[in-house]
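Thanks for sharing this one. Here are my notes as numbered points, to be read with the structure open beside them.

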Amino acid sequence: MDASYLDLMMAQQEETFEEAEGGGGVWVVADLSGGQIAPVTLEAIGAARTLADSLGAYVYAVLLGDDVTSLSETLYQAGADGVRLADHPGLARFAVEPYLAVLGPLFEEEQPEIILFGATDVGQALAPRLAQRMGGGLIERVTAVALDESTRAVKATFPVYGGDYFGVVTCPEARPQILTIMAGAFARPFLDEYRKGEPVMLDVEPAEAVVRLLGPAEDYQPPRVPLSEARMVVAGGRQAGSFDAVEDLAEALDAHLAGDRGAWDAGLIAADQIVDVRGVTVSPDVYVAVGIRGDTFHNAAMGDATFIVAIHPDPTAPIFEIADLCVEADPEDVLPALLEALT
Amino acid sequence: MRILVILRRVLDPAGIVAHRRLRRLFINREVYIIQPADECALEAALRIKDAAEAEVVVASGQPEPDDDTLRRGIAMGADRGIYVSGEAFENADEAVVARALEAVIERLGGVDLVLSGATTLDTGQSQLGLRLAEALGWPQIVGAWQLEVAGGEVRAVCRDSEQYIRVEADLPAVVSMASGALKPRYPDGVRLINIYRDEGEVAEALQLWEVDELLTPEELSPVVETLGRDFPPERERGERVEGPSEEAAQVVAEALRQRMRG
């Protein structure tokens with residue numbers, strides 16, 4: 001059997017879809033990032049596919065923008081059964097009113113059961129307004145969904161205090177149920193290039209944006225985020241070897257530079273950069289400990305970090321007991337390769 | 001000019017522990033703070049008041065009975081506090097609170113600017129202010145870092161992906177402030193004592209409005225129902241990265257890149 005025969009077989013199985021009449025369905029409002037369909041949108045289509053398969057419904061994607069018609073292919077490949085396109089120069093830059101002028105009447109007519117947005121700036125700006133307009137329920141920043149098949153209500157899980165624990169909520173009666181989903185929380189679907197379809201073009205009456213853009217604020221300096229509220233921290237200790245490499249790593253990750261008490265004793269960091277119970281307590285998303293042994297006072301001041309990477313030559317260092325990723329090696333060997341891999 | 005600031009409270013995260021193995025939330029110190037983003041919104045309103053003639057009204061934006069947040073807001077410099085309360089309000093979700101605030105605005109005789117925090121510290125919700133904007137049909141500016149009002153317009157600095165941009169909108173408008181945008185001022189000590197004693201210039205600054213008088217029972221039924229809490233899996237002992245340094249570096253770089261994306 002040669003490859004051309006295989007191709008022929010696959011082509012014969014090319015799927016075509018007939019769209020259901022009479023509304024309902026699971027809808028995904030697509031987001032663009034860098035001129036492409038945003039990864040979170042593909043993940044949303046994956047989640048919508050699972051929900052729709054349990055409900056016996058169709059998945060529709062809506063894409064708004066300027067010169068975006070060619071991108072509809074990706075939406076079909078990811079699992080959408082139908083695509084609605086609003087392609088208009090007036091939609092090139094995101095603004096609430098022009099986008100709502102397209103989505104509002106569309107959803108009013110289609111009466112979706114579930115609408116998914118990405119929890120991006122665009123999704124977070126549009127979803128509450130649509131929920132209010134349509135009398136629907138809105139659950140924000142969702143990381144997991146489950147379906148109650150008897151009521152067709154989605155049970156959605158969202159992180160509280162940045163993921164310390166989760167809240168579980170549902171919209172028992174209100175429809176549509178609108179969800180904004182977190183990037184990276186759902187699996188990205190396989191792009192099946194044999195899935196194809198013809199997108200439906202929407203009429204666009206460009207509305208005026210009521211919030212006017214004046215231009216970039218080049219002279220604006222945002223307030224400095226203190227170390228205690230940093231989302232990303234790179235900390236060095238006495239075993240870090242060259243401290244310049246630690247500083248380079250902090251810069252490469254756009255992270256706050258810190259250290260333990262030992263680094264301060266050695267004069268490598270300032271007093272307000274000491275991560276210690278007696279210094280600064282941090283709870284970042286990512287904490288990279290380079291050459292820090294991790295005494296009790298240090299570990300207690302950073303143990304709340306969501307993800308801890310530890311690089312230390314001593315396998316018995318206490319930092320390894322709380323780290324998520326442990327590298328037993330000399331930082332001087334690891335850091336140059338790490339810096340190279342990150343840039 | 002009248003500015004309405006929505007204030008909500010949140011449990012101080014330093015006082016709670018989410019125990020993953022027991023799947024329970026332990027509240028060691030029940031201390032409530034003003035939502036940091038809401039506090040920024042109040043600070044922005046007070047700065048507008050400092051620069052020009054304005055009346056700052058704070059109103060509660062959450063169903064839990066709590067007037068301490070509003071008293072603190074008045075001590076910081078707000079002129080009035082509207083404390084919406086009632087038994088029927090206790091199960092309220094954002095949709096109901098937005099309706100209640102709409103009714104508050106109507107009863108106040110209109111406001112020119114509504115300020116709130118962009119996201120809550122705990123649940124990460126940002127829908128309240130935007131639902132209100134839709135209900136009122138006003139423009140919304142989301143996640144402002146700097147705010148000024150001049151000539152019937154509001155101007156703000158916002159973040160647009162990697163850069164900061166300036167935007168403007170006509171009043172009335174709804175603006176949500178980013179958390180950490182401004183450094184909130186300390187409450188005035190004398191005002192703080194007087195607001196609890198109901199004395200001095202802040203006497204009767206805090207008013208209690210019954211929610212039953214603002215909304216009908218149908219309007220008070222929540223859309224979203226809370227089912228409970230879930231906890232992440234227990235933290236496992238760290239994954240040891242074996243192999244030579246170059247390979248270990250690759251593994252670390254990939255893990256970091258994944259975290260940065262999320």
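1. Let me begin with a sheet that both chains build. In this predicted model, four strands make an open, antiparallel sheet in the order β8(A)-β9(A)-β10(A)-β14(B). The edges are taken by β8 (144-148) of chain A and by β14 of chain B; each has a single partner strand, so one side of each is left without a neighbour in the sheet. From one strand to the next, the twist averages 25°.

2. Now the pairings inside that sheet. Six bridges hold β9(A) and β10(A) together in the antiparallel sense, and V160(A) is found opposite Y165(A) of β10(A). Helix α2 (residues 39-55) of chain A packs on the sheet, where it touches β8 and β9 of chain A, and its direction makes about 10° with that of β8(A).

3. Which strand of chain B does β10(A) join, and through how many bridges? The partner is β14 (residues 225-230) of chain B, with five bridges and an antiparallel run. As a handle for your viewer, V168(A) has G228(B) as its bridge partner in β14(B). Strands of a sheet pair through backbone hydrogen bonds, either parallel or antiparallel.

4. The contact between the chains goes well past that strand pair in its list of elements. It draws 64 residues from chain A and 56 residues from chain B. On the chain A side, the elements giving two or more residues include α5 (121-134), β9 (153-160), β10 (165-170), β17 (307-312) and α10 (331-342). The most comes from α5(A), which gives seven residues. Sorted by class, this side of chain A has 43 nonpolar, nine polar and 12 charged residues.

5. What does the largest nonpolar core look like in its membership? It has 143 residues, and the members that touch the most others are I181(A), V5(B), A144(B), V175(B) and M177(B). Leaving out residues up to four places away in sequence, I181(A) touches V40(A), E43(A), A44(A), A47(A), L116(A), G118(A), A119(A), V142(A) and F186(A). A second, separate core of 49 residues includes V234(A), A289(A), I322(A) and L256(B). In soluble globular proteins, nonpolar side chains tend to be buried together.

6. Strand β1 (residues 26-29) of chain A deserves a look of its own. V26(A) and V28(A) point one way from the strand, W27(A) and V29(A) point the other way, and all are buried. β1(A) pairs in the parallel sense with β4 (residues 59-65) of chain A over four bridges, and also in the parallel sense with β6 (residues 114-118) of chain A over three bridges. W27(A) links to both strands: it stands opposite Y60(A) in β4(A), and its bridge partner in β6(A) is I115(A).

7. Turning to chain B as a whole, the secondary structure comes to seven helices and 15 strands. Its C-alpha atoms fill a box of roughly 70 × 45 × 40 Å along the principal axes. Of its 262 residues, 45% count as buried. Among contacts in chain B between residues at least 6 apart in sequence, 71% join residues at least 24 apart.

8. Is E39(B) buried or exposed? E39(B) has 26 C-beta neighbours inside 10 Å and therefore counts as buried, the cut-off being 20 or more. This residue belongs to helix α1 (residues 36-51) of chain B. Apart from neighbours within four places in sequence, E39(B) is in contact with I34(B) and P184(B). The C-alpha atoms of E39(B) and L7(B) are 7.3 Å apart, although 32 residues separate the two along the chain.

9. Helix α4 (residues 127-136) of chain B is mostly covered, with nine of its 10 residues buried. Among the buried ones are the charged residues R131(B) and E134(B), alongside others including L128(B), L130(B) and L132(B). Just after α4(B) comes G137(B), with a positive phi near 70°.

10. Finally, a word on confidence. Chain A averages a pLDDT of 86, and 93% of its residues score at least 70. Where does pLDDT stay under 50 in chain A? The stretch is residues 15-22, for which the model has eight contacts beyond four places in sequence.

Note on methods:
Residues numbered from 1 in each chain as written. Chains lettered and ligands numbered in written order. Predicted model: local features only at pLDDT ≥ 70, side-chain atom pairs only at ≥ 80, totals over all residues. Contact = placed C-beta atoms within 7 Å. Pairing = 2+ DSSP bridges. Buried ≥ 20, exposed ≤ 12 C-beta atoms within 10 Å, placed from the backbone. pLDDT = per-residue confidence, 0-100. Core = buried A, V, L, I, M, F, W, Y, C linked by C-beta atoms within 7 Å. Axes fitted to C-alpha atoms, helices over the stretch in contact; angles between N-to-C directions.
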